[in-house]
Amino acid sequence: VAIEVVAETGSTNADLLARAATLPGPLLRIALQQTAGRGRAGRPWLSASGATLMFSLAWPFKGPLQQLVGLPLAVGVALAETLAALSVPVQLKWPNDLIKDGSKLAGILVETQAGADGRIWAVSGVGLNLLMPDALEHAIGRSVAAVPWLAQMDRNALMAQLLSRLAAALAEFDDTGFAAFSARWNRLHAHQGQEVNILDAGQVVQRGVAAGVDDSGRLLLDTARGRVEILSGDVSLRPA
Ligand code: ATP
């Protein structure tokens, strides 16, 4: 995996998406600060220089595109397992968040781009809060988590551990799809057995008990009318 580091950019995901079609191989881009970081559906990802670990990894997949539905969840498993190995236990919130002590610690944004060679490039962006300055938490406007202990760790060593697990997960995902990750994801599920609402564009569209994910990464929800599978897309989960 080639690696590049920049002091500041708008969004590492946007940078790599623009180049994905012409990349010779996997590329990791790290930014010390982002000025236009983003989450899903155009929502902002806010950060402070030195406080937030931000990177994107561009990786080519055999496809087809619908095979990649579970990719953000597989990325979450790889990150959570890396943090667990560093004595930072975290949980996963469907489809794309890492949760620590009930608050969001990290967000994942996977975006795709067709390559010139027929492969599909997926850019997996990660923002992980190491420190959470008051001004940043105020700007985000909700309670968020950070891991000050990891902020003291050598950044290159931390990044190397994250990259090695992430690259292994992406290679495995390309071979076997999400099936190899579903049990691992379910062990880390933050809302297992809890009553949750599923929101789409701010409206509650489903309510039920979260029962984990299936082998393609869909959320299983036990509702009054039986079990339903929630596809990713722009839906958000909230504790009921
Ligand atoms: P939610 O986290 O509300 O369920 P989501 O997973 O769909 O929604 P994303 O679109 O992935 O959220 O991420 C964007 C949201 O993350 C923003 O709307 C903001 O609330 C939150 N956010 C922004 N910056 C940070 C940060 N540094 N740490 C934690 N959360 C952040």
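Student: Which residue stands opposite I30 in strand 3?

Tutor: In a sheet, strands pair through backbone hydrogen bonds, and the sense is either parallel or antiparallel. In this predicted model, the residue opposite I30 is F55. Strand 2 (residues 27-34) and strand 3 (residues 52-61) run antiparallel and are joined by five bridges.

Student: How many bridges pair strand 3 with strand 7?

Tutor: There are 10 bridges between strand 3 and strand 7, again in the antiparallel sense. One position to look at is A58, whose bridge partner in strand 7 is V123.

Student: Is strand 3 mostly covered or mostly open?

Tutor: The test is a count: a residue is buried if 20 or more other C-beta atoms lie within 10 Å of its own. By that test, eight of the 10 residues in strand 3 are buried, and the strand is mostly covered.

Student: What is the strand order of the open sheet of seven strands?

Tutor: The order is 1-2-3-7-6-5-4, and the pairing is mixed. Strand 1 (2-9) and strand 4 (91-93) are the edge strands, each pairing on one side only. From one strand to the next, the twist averages 20°.

Student: Which strands does helix 2 lie across?

Tutor: Helix 2 (residues 71-85) lies across strand 4, strand 5 (97-100), strand 6 and strand 7. Its direction is at about 135° to strand 6.

Student: What is the order of the open sheet of five strands?

Tutor: That sheet has the order 11-10-9-8-12, with antiparallel pairing. Strand 11 (226-230) and strand 12 (235-239) are at its edges; each has a single partner strand, so one side of each lacks a neighbour in the sheet. Ignoring direction, neighbouring strands of this sheet are turned by 45° against each other on average.

Student: How many bridges pair strand 8 with strand 9?

Tutor: Six bridges pair strand 8 (residues 195-200) with strand 9 (residues 203-213), in the antiparallel sense. To find the register, start from V196: its bridge partner in strand 9 is G208.

Student: Now the ligand. Which residues come nearest to it?

Tutor: A shell of 18 residues surrounds the ligand, and G39, R40, R43, L46 and V144 come nearest. Strand 6 (103-114) and strand 7 (120-129) are the elements that give two or more residues to this shell.

Student: How many residues of the shell are nonpolar, polar and charged?

Tutor: Five are nonpolar, eight are polar and five are charged.

Student: Next, the backbone. Where are the cis peptide bonds at P64 and P95 placed in the chain?

Tutor: Most peptide bonds are trans, and most residues other than glycine have a negative phi. The bond joining G63 and P64 is cis, with omega about 0°, and P64 is in the loop between strand 3 and helix 2. From W94 to P95 the peptide bond is also cis, with omega near 0°. P95 is in the loop between strand 4 and strand 5.

Student: What are the phi values of S87 and D101?

Tutor: Phi of S87 is near 65°, a positive value in a residue that is not glycine. S87 belongs to the loop between helix 2 and strand 4. D101 is not a glycine either, and its phi is positive, about 50°. The place of D101 is the loop between strand 5 and strand 6.

Student: Why does S87 count as exposed? And why does D101?

Tutor: A residue is exposed if 12 or fewer other C-beta atoms lie within 10 Å of its own. S87 counts as exposed because it has 8 C-beta neighbours inside 10 Å. D101 has 10 such neighbours inside 10 Å and therefore counts as exposed.

Student: Finally, the whole chain. What is its radius of gyration?

Tutor: The protein chain has 17 Å, which agrees with a compact globule of 240 residues, where the radius of gyration would be near 18 Å. Along the principal axes, its C-alpha atoms fill a box of roughly 50 × 45 × 35 Å. The protein chain has six helices and 12 strands.

Student: What percentage of the 240 residues is buried?

Tutor: Buried residues make up 37% of the protein chain. As for contacts between residues at least 6 apart in sequence, 63% join residues at least 24 apart.

Conventions:
Residues are numbered from 1 along each chain as its sequence is written. This is a predicted model: local features need pLDDT of at least 70, side-chain atom pairs count only at pLDDT 80 or more; totals for chains, interfaces and linings use all residues. A residue is near a molecule or strand if its C-beta atom, placed from the backbone, lies within 6 Å of it. Helices (H or I, at least four residues) and strands (E, at least two) are DSSP runs, numbered from the N terminus. Ala, Val, Leu, Ile, Met, Phe, Trp, Tyr, Cys and Pro count as nonpolar, Asp, Glu, Lys and Arg as charged, and the others, Gly among them, as polar. Two strands pair if DSSP finds at least two bridges between them. Axes are lines fitted to C-alpha atoms, for helices over the stretch in contact, and angles run from 0 to 180 degrees between N-to-C directions. Two residues are in contact if their C-beta atoms, placed from the backbone, lie within 7 Å. The radius of gyration is taken over C-alpha atoms; the globule rule is 2.2 Å times the number of residues to the power 0.38.
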